[in-house]
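Hi everyone, thanks for making time. I'd like to walk you through a structure that will be new to most of you, so let's put it on the screen.

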Amino acid sequence: MKRSAFNAEQFLDAFTRAEAVGCEFHIEVPALGGQKSVALSPQQLVRLIADKQSVYAEVMGLTVPEYNEWRQLQGSVCCSAATAHGRQCRNTIPGASWLEPEAWKAARSAGGYCQVHGGGTRLVGKGAM
Ligand SMILES: [Zn+2]
């Protein structure tokens with residue numbers, strides 16, 4: 001017997017009914033230093049089954065590429081300068097690390113430079129290169 005296809009409509013109906021009688025849906029989203037518990041709507045829960053990355057990004061207020069970058073850099077922001085090879089410098093901006101999504105996005109659009117490229121006017125924590 002073939003496995004029946006995922007029927008999003010049926011799941012949405014079931015989750016909506018469950019919510020109506022008092023169920024709450026929470027997931028653990030991979031975030032800085034571990035996980036963050038987030039409440040989901042029935043619609044998000046259905047989407048989670050098909051495409052969890054997009055839901056993770058959405059609940060953190062980021063696009064999928066932003067979410068992946070934010071996770072990969074652990075809330076740090078890369079230097080705005082280009083290296084001699086024309087790539088973006090991968091050093092981080094002093095002080096711009098371990099930022100939650102909103103602050104991270106703001107720091108990322110503001111840009112800045114690593115110590116090598118003239119940044120570092122702010123007090124820096126350990127491990128700056
Ligand atoms: Zn740099």
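Before I point at anything, one term: two residues are in contact if their C-beta atoms, placed from the backbone, lie within 7 Å. With that in hand, look at Phe6, which touches Ile49 and Ala50, not counting residues up to four places away in sequence. Phe6 sits in the segment before helix 1, and its C-alpha is 9.1 Å from that of Ile49, although the two are 43 residues apart in sequence.

Now the housekeeping. This is a predicted model, where local features need pLDDT of at least 70 and side-chain atom pairs count only at pLDDT 80 or more, while totals for chains, interfaces and linings use all residues. Residues are numbered from 1 along each chain as its sequence is written.

How confident is the predictor? pLDDT is its confidence in each residue, on a scale from 0 to 100. The protein averages a pLDDT of 90, and 89% of the residues score at least 70. The stretch to watch is 123–129, where the pLDDT is below 50; beyond near neighbours in sequence, that stretch has six contacts in the model. As a rule, where pLDDT is low, the predicted coordinates should not be read in detail.

Next, the layout. Helices (H or I, at least four residues) and strands (E, at least two) are DSSP runs here, numbered from the N terminus. We have five helices and two strands, and reading along the sequence gives α-β-β-α-α-α-α. Among contacts between residues at least 6 apart in sequence, 46% join residues at least 24 apart.

Let's start with helix 1. The expected span of a helix is 1.5 Å times one less than its number of residues. Helix 1 covers residues 8–20, so its 13 residues should span 18 Å, and its end C-alpha atoms are indeed 18 Å apart. Just after helix 1, Gly22 takes a positive phi of about 105°. Within helix 1 you'll find Thr16, whose C-alpha lies 5.7 Å from that of Pro42, with their positions 26 residues apart in sequence.

On to the strands. Two strands pair if DSSP finds at least two bridges between them. Strand 1 and strand 2 (residues 34–40) pair in the antiparallel sense over seven bridges. His26, for one, has Ala39 in strand 2 as its bridge partner, and Ala31 stands opposite Gly34 in strand 2. Together the strands form a hairpin with two residues between them, and Gly33 in the turn has a positive phi of about 65°.

So what's inside? A residue is buried if 20 or more other C-beta atoms lie within 10 Å of its own, exposed if 12 or fewer, and partly exposed in between, with C-beta atoms placed from the backbone. Of the 129 residues, 18% count as buried. A nonpolar core, then, is a set of buried Ala, Val, Leu, Ile, Met, Phe, Trp, Tyr and Cys residues joined through C-beta atoms within 7 Å.

Which residues in the largest core touch the most other members? Out of 16 residues, they are Val29, Tyr56, Val59, Met60, Tyr67 and Ile93. The elements giving two or more residues to this core are strand 1 (25–31), helix 3 (52–59) and helix 4. Helix 3 provides the largest share, four residues. Tyr56 is in contact with Val29, Pro30 and Tyr67, leaving aside its neighbours within four places in sequence.

Back to Phe6 for a moment: buried or exposed? Phe6 counts as exposed because 10 other C-beta atoms lie within 10 Å. Thr16 has 15 such atoms within 10 Å, so Thr16 is partly exposed.

Last stop, the loop between helix 4 (64–72) and helix 5 (101–110), which is where Gln74 sits. Gln74 has a phi near 50°, a positive value in a residue other than glycine. Trp98 is found in the loop between helix 4 and helix 5 too, and has a positive phi of about 60° although it is not a glycine. Gln74 is partly exposed because 14 other C-beta atoms lie within 10 Å; for Trp98 the count is 13, so Trp98 is partly exposed.

That's my tour, and I'm happy to go back to any part of it.

Methods
pLDDT is the predictor's confidence in each residue, from 0 to 100.
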